[in-house]
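Hi,

Here is the structure I said I would pass on. Have a look at it first, and my notes follow underneath.

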Amino acid sequence: MDNKKIVDILRGTIDSNFRKEAEEQLNQIHKIIGFAPALLQAIMANDVDMAVRQAGAIYFKNMISQFWADKETEPGDAPAFNIHEQDRAMIRDLIVDAVVVAPEKIRVQLAVCVNTIIRHDFPERWPQVVDKISLCLLNPDRTGWFGALICMYQLVKNFEYSNKDKRTPLYEAMNLLFPQLYQLACSIWHEETVDSVYIQKQILKIFYSFTQYSLPLELITNQFFQQWMDLVRVMIEKEVPAAIDSLSNEDKAASVWWKSKKWALYILQRIFERYGSPGFVSKEYKDFAEWYLKNFSLAILETLLKLLDKQRRKIFVAPKVLCQSFKYIEQAIKHAFTWKILKQHMLIVVREIILPVLCHSREDEELWQTDPIEYVHTKYDSIDDFMDPVTAAQGLLFTMCKKRKAILPKCMSFVVEILNPQNNATPSVRDGALNMVGTLAELLIKKKEYSDQICGMLRQYVFPELKAPEGHLRARACSVLKSFTEIDMQQGEILKETVFYLIECLVKEKDLPVKVQAVVALEAVACSQEGVTPFIEPQIRNIVLEMLNIIRETESDEVATSLQKLVCAYTDLLAPIAVDITKHVAGTLIQVLDTDGGSDEKAMIAMGLLHTIETMLNAMEDVPGLTTLLEPVVLQVVAYIFENSVMEFYEETLLLVFELTKKTISNELWQVLGLLYTVFGRDGFDYFTDMMPALHNYVTVDTPTFLASQDRILVMCNMARDILNGDPGEDPECHAAKLLEVIILQCKGNIDQYIPPIVELVLMRLTKEVKSSELRAMCLQVVIAALYYNPELLFRILNEVKLPQAPNDSVTAHFINQWLADTDCFLGLHDRKLSVLGLCMIMQNPSRPFEVNQCAPKILPALLVLFDGLKRAYLAKSNESDTDSDSDDESINEDELESDEDDIDEDGAVYLESLEEKINKSAGDSSFNIQTSIMNDGDDGDDDDDEDWMNEDPTALEDFSTPLDAEDCNIDEFIIFKEVMAGLQEREPAWYHTLTGSLSIEQQKKVQDVFTFADQRKAAAESKRIEESGGYIFNQQTRARPLGHAQSKLDGLQ
């Protein structure tokens, strides 16, 4: 392969005049053996322009991602292209060296390639990667170290989340590489050049990734671990160069020096949380945790307290470093050993570190003034809260006050001291104190000594701040009120004032962040307080319109969520303005989608707005005529999303179509069915299961109109056909089969011409590989539905169908044998009921095929399996409404620990294991043979039969109901079975004897029990009918005579 030609083609890809031609050339030659290694060599050539090398690196990365792994092909299909093994061998031999010598812009792309190759080829095809990395690390030429570390990081990342038993290849590799990594770290750890610090940071990232989910104690001995912890502490304590002092705080935090400290803190916090906290770790780390706590706590906590002292002295500490320091100390508070170290320092930490962090800062005020919308997103809607030092400081404060006695009173005394107007605290400090109050609200509400004083505290210290000249104080006061909505404000006589002040802040406020906090707090009050409606009702329209304006202006996810809750809580009050609200929400949603740059925040906002529309439809569905008025507004959103292929919101949009079609279907909604078919054809099978609820409505809500158009029936059948003939996975296939079954049962007697292709479709699917019993049962169920639709028609179809593998075999025999063999695979009420009805139709059909006679001895045993399941399913259904969950209120004081007490994770492995040991030890002194084992949620018990007996939840597909599932359906499978058997005994005694002749005594008894159950159900139905018509009768239970071999089988029917 000519490297020069490749370079020329790559150069063409970055020139708009030649791009199309160059891309076509690449498509023509990329499958040629030798192309991929030649491309890699071109990328490594230093005499080629950097832009061309970058283009080549991106193309090479995409090739490796798409075509490296071997692909499976179906028999008869052309083999899929993948890079030839000869080329793969050359690439494996070159790629590590390429990463080592590549400049940063190229190295990033090549690192992804290394990751892909390791994922597919290590260790079987590429064990040499370990030696290649090792040789680079041992080379005294340090220019290759960073690239080698990048490759080692890709190796470790591939196993980062693997179970321990799958990490053996990594452990074998790290047995060689890990000591080398440590020696390299020791040789450069005190160097301060930029290149050295980048290497230090990469070493820390490797250590973190290697130990994040599993700590291999056989590889990392105590001594080796101690050495690593010393390096980590040194990294945290190292001073950063004075040269970066002139940078902005944002640039300081982004510098490699602070990033290195961040990774060091990640390591410390993760080790302590996952492996080093007695009472919170799994059994294998129990001894390590005890050793870690006693041998490392003092030194590490001293290091962290020094770091916090810098924060106290206003010396810059990167936010993520500060955040992880708070989290480590929060975990340490739970242990008596570490609490004794921390106890003397913690009030100072609260006063001089936590409080300032919680205060409104200069940076906050600047953002408030210059970009209030960004302030709202950053402070109230951020999805990165877990990395925010403010959130971490709140967590530390809460845990400290919850877990350690005497801390909460001292903190509250400190807060009251600040909020006392006589002390003239600055607005920023008052904001921090109010932040502390909001953080501790849960504890204050649950503690008797504080709960009685909360209303007075709110009136004295919080209400005045709602009138403060500083906007951030008004916003904070609203936030604090939201934190206390669990209390009974009416009893405390502050409910009216609270609502009044919050509405004032919402309606009359100019500062946007205040309006956001006011509306969120107002929704919390409105949805939680008894007796609040009279205060909310006069302003409900203004409140909702303000919320909509805020959502449109800020696109705030929090406000959108609050609107959803308010709509649910005040449906009746909002009905008169529901159309206006929905128009506003729809307009805002389309605005968000028009400007969506793919950000997670905007996606969350759009999702919230879609949920609000859905909530509105759901809440207003019982208001006469309102859904009809909402429909055109909602259809604008539906059309926008489908026509513009905004696929990330298809699921929610299909839910809107489902809501609109629940009761009636307008002409416009019938047109949406065509749009759904277009979406299905354009965007593939991925959304078929999401379409299913709406498709079910189209079939069942207005069946006559559905049947009036052949195109509508064809749309449904074609979608099901494409799913069953394609390869979308068995869950969509189950849904497709269910759709066909629903159509057959719903349209009984009206679709004769569609039954043959439907039956042939599912039978052909059964001839292919079926991995799950659910899909097999569902395909059989379609044929059973066709049997229920018209037995003669079905048997005629079965006689005409030829199986590809066995064209001379009887399809009828295959079908009936498979059906009877799989009766235990039919689950739930509907599936079993349909099977019973189908078997009853076969038994009583005088023109039944001879294949049925051959299976006769199996029919009643199969029916007994179905009836057994039906009884359990009916019992489970009747018990559903009787099941209430109980919740226990725990006193918050029970969480407080003495100074010498440890916190224990009572759901964690160590606690359960120790409990098991104590029980078994106590049992040793007993005369009874007692053994216990504590089982995790994922463990399987021995008694599978009991588990199967109790597991009678409805199947997911049962939600798609048919006429057989209607509440007023008078078709009872138990009664029909008894009547069929009675009729057969009278009309066809020989056939009756064939069916019953091989029953055991136990099976006869079970049949008799089914008859008894049928009598009970018949009597219950009659009583219900009479009761509903105004009368009532007392039932006399019908008692069936016992069965016996000496007399005619089942003679108790008369």
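**Salt bridges, the core and one aspartate**

Glu290 is partly exposed, with a relative accessible area of 35%. Keep in mind that this is a predicted model.

Glu290 has a partner: Lys294 forms a salt bridge with it, and the closest N and O atoms are 3.5 Å apart. Both sit in helix α14 (residues 286-312), and because they are 4 residues apart there, about one helical turn separates them. Lys294 itself counts as exposed, at 52% relative accessibility.

You'll find a similar story in helix α52 (residues 1001-1028), where Lys1005 and Asp1009 are 4 residues apart, so about one helical turn lies between them. Their side chains meet in a salt bridge at 3.5 Å, N to O. Lys1005 is exposed, with 55% relative accessibility, while Asp1009 is partly exposed at 32%.

Then there is Asp683, which forms a salt bridge with Arg682, with 3.4 Å between the closest N and O atoms. Is Asp683 buried or exposed? Asp683 counts as buried, at 14% relative accessibility, whereas Arg682 is partly exposed at 39%.

How many salt bridges are there in total? The count comes to 46. Some are joined up: Asp70, Glu85, Arg88, Arg92, Asp121 and Arg125 are linked in a network of salt bridges. As background, side chains of opposite charge can pair when their charged atoms come close.

Now for the inside. The largest nonpolar core has 364 residues, and Met843 and Phe977 touch the most other members. Helix α42 (residues 773-789) gives this core its largest share, 13 residues. In general, nonpolar side chains tend to be buried together in soluble globular proteins.

What does Met843 touch, leaving aside its neighbours within four places in sequence? Its contacts are Arg848, Ile859, Leu863, Phe977, Val980, Met981, Leu984, Trp991 and Leu995. So if you click on Met843, Phe977 should show up among its contacts.

One last spot to look at is Asp972, in the loop between α49 (944-950) and α50 (973-987). Asp972 counts as buried because its relative accessible area is 13%, and buried means under 20%. A polar atom of the Asp972 side chain lies 2.9 Å from the backbone nitrogen of Phe974. For the backbone nitrogen of Ile975, the distance to a polar atom of that side chain is 3.1 Å.

Cheers

Terms used. Residues are numbered from 1 along each chain as its sequence is written. This is a predicted model: local features need pLDDT of at least 70, side-chain atom pairs count only at pLDDT 80 or more; totals for chains, interfaces and linings use all residues. Side-chain values use heavy atoms; hydrogens and water are left out. Helices (H or I, at least four residues) and strands (E, at least two) are DSSP runs, numbered from the N terminus. Buried means under 20% relative accessible area, exposed over 50%, partly exposed in between (1.4 Å probe, protein chains only). A polar contact is a pair of N or O atoms within 3.5 Å; within protein, one must be able to donate a hydrogen and the other to accept it, and residues adjacent in sequence count only if both atoms are side-chain atoms. A nonpolar core is a set of buried Ala, Val, Leu, Ile, Met, Phe, Trp, Tyr and Cys residues joined through side-chain atoms within 4.5 Å. Contact means heavy atoms within 4.5 Å. A salt bridge is a side-chain nitrogen of Lys or Arg within 4 Å of a carboxyl oxygen of Asp or Glu.
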